[in-house]
Amino acid sequence: MDNILLETEERMNKVIENLEIRFTTIRAGRANPAILDGVRVNYYGTPTPLNSLATISVPEARKLQIKAFDKSCLSDIEKAIYEADLGLTPNNNGELIFITIPELTEDRRRELVKQSKAMCEEAKIALRNVRQDSNNEIKKLELNDDEEKYAMNEVQELINKYNKIVDEKTKEKEEELMTI
């Protein structure tokens with residue numbers, strides 16, 4: 001039974017980690033190399049992560065600089081950023097690509113808050129799925145009623161704890177997005 005609880009907590013931790021990673025893709029008006037993590041560049045016919053082809057740095061608060069290891073793929077990188085539909089416009093000077101992060105409008109901020117809340121809800125669904133799996137594992141153990149009820153209460157306490165963490169992370173992200 002302890003193994004089930006440990007495994008449950010481990011899986012719930014992974015849900016939180018995944019949420020944090022997904023939150024980094026939502027930009028808050030500041031330059032963050034993580035917003036380009038999902039960009040795949042068609043490099044010699046193979047979709048390749050951008051960070052495998054170039055170094056991404058932040059020379060100024062609202063500017064990203066991309067320096068390709070192979071300058072011949074600069075136009076491919078530029079095209080991939082356009083196609084990723086991030087609302088960013090890359091500027092290629094033949095050596096580097098610069099991306100200026102535009103200021104967020106009030107409407108765009110609200111849209112991003114909705115997006116973060118949707119991610120929050122997906123995380124809560126994932127937590128409920130973990131709880132369901134754990135409860136099924138507990139039922140398979142054929143414990144007496146008291147032990148089964150105790151184990152399921154432990155799982156419920158875990159989900160309450162992790163739901164609270166998800167809510168806190170979402171509130172932090174919302175404050176970050178709404179701060180001008």
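Trainee: Why does Y44 count as exposed?

Mentor: The relative accessibility of Y44 is 66%. Exposed means over 50% relative accessible area, buried means under 20%, and partly exposed is in between, with a 1.4 Å probe and protein chains only. Since 66% is over 50%, Y44 counts as exposed. This is a predicted model with residues numbered from 1 along each chain as its sequence is written; local features need pLDDT of at least 70, and side-chain atom pairs count only at pLDDT 80 or more, while totals for chains, interfaces and linings use all residues. Side-chain values use heavy atoms, with hydrogens and water left out.

Trainee: What is the phi of Y44, and where is the place of this residue?

Mentor: Phi is near 50 degrees, a positive value in a residue other than glycine. Most residues other than glycine have a negative phi. Y44 sits in the loop between β1 and β2, two strands that form a hairpin with 2 residues between them.

Trainee: How do you know that β1 and β2 pair?

Mentor: Strands and helices here are DSSP runs, numbered from the N terminus: E for strands, at least two residues, and H or I for helices, at least four. Two strands pair if DSSP finds at least two bridges between them. Antiparallel strands β1 (residues 40-43) and β2 (residues 46-49) are joined by 4 bridges, so the rule is met. As one example, Y43 has T46 in β2 as its bridge partner.

Trainee: Which other residue has a positive phi although it is not a glycine?

Mentor: E142 has one, about 55 degrees. The loop between α4 (106-140) and α5 holds E142. Its relative accessibility is 71%, so E142 counts as exposed by the over 50% limit.

Trainee: What makes a set of residues a nonpolar core?

Mentor: The members are buried Ala, Val, Leu, Ile, Met, Phe, Trp, Tyr and Cys residues joined through side-chain atoms within 4.5 Å. The largest set that fits has 21 residues, and L36, L50, L64, I66, I77, I99 and I101 have the most contacts inside it. Two or more residues each come from α2 (50-53), β3 (54-60), β4 (63-68), α3 (74-83) and β6 (97-100). Helix α3 gives the largest share, 4 residues. A second, separate core has 19 residues, including M12, C120, Y162 and L177. In soluble globular proteins, nonpolar side chains tend to be buried together.

Trainee: Which residues does I66 touch?

Mentor: A contact means heavy atoms within 4.5 Å. Leaving out residues up to four places away in sequence, I66 touches L36, L50, A54, T55, I56, I77, I81, L96, I97 and I99.

Trainee: How do you know that K161 and E9 form a salt bridge?

Mentor: The rule asks for a side-chain nitrogen of Lys or Arg within 4 Å of a carboxyl oxygen of Asp or Glu. The closest N and O atoms of K161 and E9 are 3.1 Å apart, so the pair qualifies. K161 lies in helix α5 (residues 145-178) and E9 in helix α1, so this salt bridge ties together parts that are 152 residues apart in sequence. K161, at 41% relative accessibility, counts as partly exposed, and so does E9, at 25%.

Trainee: What other salt bridges are there, and how many does the count come to?

Mentor: The count comes to 13. Among them, E20 and K169 meet at 2.7 Å, N to O, linking helix α1 to helix α5 across 149 residues. Another joins K173 and E176 at 3.4 Å; both lie in helix α5, 3 residues apart, about one turn of the helix.

Trainee: Are K173 and E176 buried or exposed, or in between?

Mentor: K173 has a relative accessible area of 7%, under 20%, so K173 is buried. E176 has 29%, which falls in between and makes E176 partly exposed.

Trainee: What makes M1, L141 and Y150 a patch?

Mentor: Patch residues have over 30% relative accessible area and no salt bridge; nonpolar side chains (Val, Leu, Ile, Met, Phe, Trp, Tyr) are joined within 5 Å, like charges within 9 Å. M1, with 34%, is over that 30% limit. Together the three have about 280 Å² of accessible area, computed by the Shrake-Rupley method with a 1.4 Å probe, where for residues only the protein chains shown count as cover. M1 belongs to the segment before α1 (2-24).
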